[in-house]
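This report describes selected residue environments and charged side-chain pairs. The sequence and structure are shown first, and the description follows.

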Amino acid sequence: MTTDYVAPVSAAERSLDIPDLVAGVRAAFASGRTRPVEWRRTQLHALERLMTENEGAIATALAQDLGRKPFEAWLADIASTASEAHDAAKNVGKWMRRKHRRLELSQLPGRGWVEYEPYGTVLVIGAWNFPFALTLGPAVGAIAAGNAVVLKPSEVSPASSALMAELVPKYLDNEAIKVVEGDGAVSQELIAQGFDRLCFTGGTEIGRKVYESAATHLTPVTLELGGKSPVIVAADADVAVAAKRIAWTKLINSGQICIAPDYVLADAKIRDELVTRMGEAVAKFESDSPGGKPIVNERHFERLTAALAATKGRVAVGGGSDATTLRIDPTVVVDPDLDEPLMSDEIFGPILPVVTVGSVDEAIEFVNARPKPLAAYLFTRSKTVRERVIRQVAAGGMLINHLLFHFATTKLPFGGVGPSGMGGYHGRWGFEEFSHRKSVLTKPTRPDLTALIYPPYTEKAWKLARRLF
Ligand code: NAD
């Protein structure tokens with residue numbers, strides 16, 4: 001966290017003409033320059049270089065904005081975005097290929113296929129917690145699909161936003177890809193321009209506002225939202241490993257991750273062992289950086305400390321905080337009330353409630369009684385338990401015996417469901433998300449077999465049509 005960074009100048013203050021800027025991007029798309037595979041590959045390679053050649057500057061910006069450790073900056077923002085861009089550059093030619101379909105008899109002679117068409121102009125509104133991965137990451141799919149793109153990084157991570165605004169024009173096509181810095185008002189002004197597609201990453205409530213504004217223009221949206229992601233720890237789990245993995249992933253970025261473990265549903269038989277081991281893991285993992293985890297700003301610090309102060313649960317690990325440095329100790333709270341803020345709101349910080357359950361079925365019922373989460377995690381050694389949870393728990397994504405890693409693969413789509421979002425991206429799915437699947441059917445004019453059923457309709461035509469269709 002830093003307080004010495006100067007906030008980016010808003011679009012209005014800079015007298016940035018948003019309609020003019022968007023018109024320029026629209027014109028760049030209309031010129032056709034973003035469609036050829038060569039343009040897409042060049043931009044994707046350049047985006048990869050943007051990330052790898054500026055590793056130091058990016059890590060510094062992330063340290064300034066979020067107090068992020070360099071290793072975590074590299075792992076979560078730099079490596080993930082660079083590998084997305086690399087994978088897309090390598091595969092985009094294959095992804096773009098027409099997908100021919102075998103047609104029904106009634107459609108013959110003829111050929112049909114799916115033609116991947118860029119939407120046109122795509123607006124990407126990013127979140128602050130992984131400012132590069134959540135702004136440039138979705139841009140990978142949008143560029144691979146041949147769109148012109150406007151990026152609006154979050155104003156809450158100003159150093160990262162400013163660095164993106166500086167680097168993007170240096171590496172990427174200056175006419176077709178633009179960065180606009182600013183806050184929610186700037187986002188709304190951008191949305192009001194009527195983009196052809198929109199990707200928003202952020203909280204569920206703001207997501208609702210974005211969806212409403214986009215509806216005016218019927219702009220299709222991808223919403224990457226938040227929620228409370230549960231971790232079910234079954235009685236047969238490998239508790240020693242589960243404790244380390246839950247503790248580690250909760251500590252990354254101070255728990256300010258959309259798919260961070262939000263709360264644990266621990267079987268009563270292993271709960272105490274799990275809590276003790278998580279406490280040991282936290283002590284070990286934080287031994288080189290004591291003093292609590294940095295929180296992004298005062299508003300979030302106050303929200304988190306208020307939730308902690310209100311808890312009726314037992315604070316088993318941590319519990320301390322420092323308002324002068326905006327730091328909160330990694331904290332585990334056992335059995336809070338289910339209607340207190342720790343259990344009703346997304347935590348987004350280094351506090352982990354552990355709720356005791358009597359069985360896996362009780363845990364499943366608990367999760368399904370609440371809004372569908374962005375991620376659901378399970379620790380178990382049993383295949384039967386694993387299959388039951390996979391089949392019965394609805395969630396954006398699911399990971400068994402680990403956490404977070406499903407974000408880091410280009411082989412699986414990442415996204416939410418219900419209140420945790422709509423649509424998904426990463427790898428091929430990003431390309432699909434930002435492409436319109438246009439159906440194309442071609443037919444020969446001769447021989448003109450349709451003549452068999454042209455009007456006036458005969459009994460023979462009827463018979464033939466009934467057989468064919
Ligand atoms: P946020 O919703 O406060 O802000 C996200 C973006 O929306 C920012 O760029 C912000 O400038 C913009 N914005 C703010 N007000 C707006 C408005 N009225 N209209 C349009 N845009 C507006 O989210 P945040 O605090 O940056 O991130 C935290 C939330 O995001 C958490 O809920 C978290 O779970 C979620 N999140 C989800 C994902 C995901 O991939 N699903 C990833 C990271 C964060």
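Two residues are in contact when heavy atoms of each lie within 4.5 Å. The model discussed here is predicted.

**Leucine 108**

By that criterion, and with residues up to four places away in sequence left out, leucine 108 touches Leu103 and Lys443. Leucine 108 is located in the loop that runs between β1 (99-101) and β2 (111-118). Its relative accessibility is 43%, so leucine 108 counts as partly exposed, a class that spans the range between under 20% (buried) and over 50% (exposed). Between leucine 108 and leucine 352 there are 61 Å in space, C-alpha to C-alpha, and 244 residues in sequence.

**Serine 254**

The loop between α9 (239-251) and β9 (263-267) holds serine 254. Is serine 254 buried or exposed? Serine 254 counts as buried because its relative accessibility is 3%, and buried means under 20%. When neighbours within four places in sequence are set aside, the contacts of serine 254 are Lys293, Pro294, Ile295, Gly349 and Pro350. With one of these residues there is a polar approach: the serine 254 side chain reaches the backbone oxygen of proline 294 at 2.7 Å.

**Salt bridges**

Side chains of opposite charge can pair when their charged atoms come close. Over the whole structure, 23 salt bridges are found. The table lists some of them.

| Pair | Closest N to O separation |
|---|---|
| Arginine 68 and aspartate 77 | 3.0 Å |
| Glutamate 115 and arginine 98 | 2.7 Å |
| Glutamate 387 and arginine 386 | 3.2 Å |

The salt bridge of glutamate 115 with arginine 98 has its closest N and O atoms 2.7 Å apart. Glutamate 115 belongs to strand β2, whereas arginine 98 is in the loop between α4 (70-96) and β1, so this pair ties together parts that are 17 residues apart in sequence. Glutamate 115 is partly exposed, at 22% relative accessibility, and arginine 98 is also partly exposed, with a relative accessible area of 43%.

In the pair formed by arginine 68 and aspartate 77, both residues are buried. For the pair of glutamate 387 and arginine 386, which meet in a salt bridge at 3.2 Å, glutamate 387 is partly exposed with a relative accessible area of 24%, and arginine 386 counts as partly exposed at 30%. Elsewhere, Lys69, Glu286, Asp288 and Lys293 are joined into one network by salt bridges that share partners. Lys293 is also among the contacts of serine 254.

Definitions and conventions
Residues are numbered from 1 along each chain as its sequence is written. This is a predicted model: local features need pLDDT of at least 70, side-chain atom pairs count only at pLDDT 80 or more; totals for chains, interfaces and linings use all residues. Side-chain values use heavy atoms; hydrogens and water are left out. Helices (H or I, at least four residues) and strands (E, at least two) are DSSP runs, numbered from the N terminus. Buried means under 20% relative accessible area, exposed over 50%, partly exposed in between (1.4 Å probe, protein chains only). A polar contact is a pair of N or O atoms within 3.5 Å; within protein, one must be able to donate a hydrogen and the other to accept it, and residues adjacent in sequence count only if both atoms are side-chain atoms. A salt bridge is a side-chain nitrogen of Lys or Arg within 4 Å of a carboxyl oxygen of Asp or Glu.
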